[in-house]
Amino acid sequence: KKLMTLFEEYIQASRGLAFVATSKQNQPSVRIMGFAVDPDQPNIWYFNSKPNTEKMIDLAANENVSIITPLNQNGARIESNHATMRRSDKKWADIKDLFANNKPYLHAHPDVENEVILVLEIHSARPASYAGTEIVNFD
């Protein structure tokens with residue numbers, strides 16, 4: 001299989017969830033967040049956040065993040081410690097179709113039009129499973 005196809009399969013296995021680790025002044029923090037993927041760039045993921053949250057403070061101080069997606073029954077997951085997350089210049093109208101089929105996400109974000117859109121850019125990642133690992137570089 002081509003690595004990009006494998007990466008996209010692992011994105012689907014995540015069910016649109018990722019654990020995102022931030023760090024501010026050497027204090028790590030991890031939270032689970034829902035996301036949607038740019039269909040033309042599988043290494044560009046979109047998230048939403050209320051504007052006045054700890055994660056926004058963390059990201060303002062340090063845009064470098066680590067992510068891992070939840071494992072499926074085969075241990076399939078995407079891991080990256082070479083990614084950045086920052087405010088996007090997109091509006092909700094630009095990305096809302098990416099979330100259209102994710103009812104739990106929309107339920108968890110009832111005021112999504114007033115939230116900040118965050119963009120995660122994965123520079124390299126490791127799709128891993130119980131069967132092995134690969135490295136995908138996007139830079």
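**Exercise 1. Aromatic rings**

Determine which residues form one aromatic cluster, and how many aromatic pairs the count comes to.

*Solution.* F35, W45 and F47 form one aromatic cluster. The structure is a predicted model, in which local features need pLDDT of at least 70 and side-chain atom pairs count only at pLDDT 80 or more, while totals for chains, interfaces and linings use all residues. Residues are numbered from 1 along each chain as its sequence is written, and side-chain values use heavy atoms, with hydrogens and water left out.

Step 1 is the criterion. A pair of aromatic rings is described by the distance of the centres and the angle of the planes. Rings of Phe, Tyr and Trp (its six-membered ring) pair if their centres lie within 6.5 Å; planes under 30 degrees apart count as stacked, over 60 as edge-to-face and the rest as tilted.

Step 2 is the count: this rule gives five aromatic pairs. One of them joins F7 and F138, with 5.2 Å between the centres and 65 degrees between the planes, and is edge-to-face.

Step 3 places this pair in the chain. Helices (H or I, at least four residues) and strands (E, at least two) are DSSP runs, numbered from the N terminus. F7 belongs to helix α1 (residues 3-13) and F138 to the segment after β9 (136-137), so the pair ties together parts that are 131 residues apart in sequence. F7 has 0% relative accessibility and therefore counts as buried (buried means under 20% relative accessible area, exposed over 50%, partly exposed in between, with a 1.4 Å probe and protein chains only).

Step 4 turns to W92 and F99, whose rings form a tilted pair at 5.4 Å centre to centre and 35 degrees between the planes. Both W92 and F99 are buried.

**Exercise 2. Positive phi values**

State where R15 and Q25 are found, and whether each is buried or exposed.

*Solution.* Step 1: R15, which is not a glycine, has a positive phi of about 55 degrees. R15 sits in the loop between α1 and β1 (17-24), and its relative accessibility of 53% makes it exposed.

Step 2: Q25 also has a positive phi, near 50 degrees, in a residue other than glycine. Its place is the loop between β1 and β2 (27-34). With a relative accessible area of 76%, Q25 is exposed.

**Exercise 3. Two pockets**

Describe the volume and lining of the largest pocket and of the second largest pocket.

*Solution.* Step 1 is the method. On a 1 Å grid over the protein atoms alone, a cavity is a set of points where a 1.4 Å probe fits but cannot get out, and a pocket is an open set with protein on both sides within 12 Å along at least five of seven lines; lining residues have an atom within 4 Å of a point. Grid points are joined across faces, edges and corners, and a volume is the space filled by probe spheres set on the points.

Step 2: the largest pocket has a volume of about 330 Å³. Its lining consists of 18 residues, of which I11, Q12, A36, V37 and L98 lie nearest its centre. The elements giving two or more residues to this lining are α1 and β3 (36-38).

Step 3: the second largest pocket holds about 270 Å³. It is lined by 17 residues, the closest to its centre being I32, M33, G34, Y105 and H109. At least two lining residues come from each of β2, β4 (41-49) and α4 (103-108).

**Exercise 4. The two sides of helix α2**

Identify which residues of helix α2 are buried and what covers them.

*Solution.* Step 1: in helix α2 (residues 54-61), the residues K55, M56, D58 and L59 are buried. They span an arc of only 160 degrees around the axis, which puts them on the same side of α2 (the arc is that of the directions from the helix axis to the C-beta atoms).

Step 2: the face turned away from the buried side carries the exposed residues A60 and A61.

Step 3: the cover over the buried residues of α2 includes β1, β2, β4, β5 (64-68), β6 (77-87) and β7 (116-129).

**Exercise 5. T84 and N52**

Establish where T84 and N52 are placed, and how far T84 is from H123 and N52 from H82.

*Solution.* Step 1: T84 is in strand β6 and is buried, with a relative accessible area of 7%. T84 and H123 are 39 residues apart in sequence and 7.9 Å apart in space, C-alpha to C-alpha. Leaving aside residues up to four places away in sequence, T84 touches E63, N64, V65, V119, L120, E121 and H123 (contact means heavy atoms within 4.5 Å).

Step 2: N52 is in the loop between β4 and α2 and counts as exposed at 76% relative accessibility. N52 and H82 are 30 residues apart in sequence and 25 Å apart in space, C-alpha to C-alpha.
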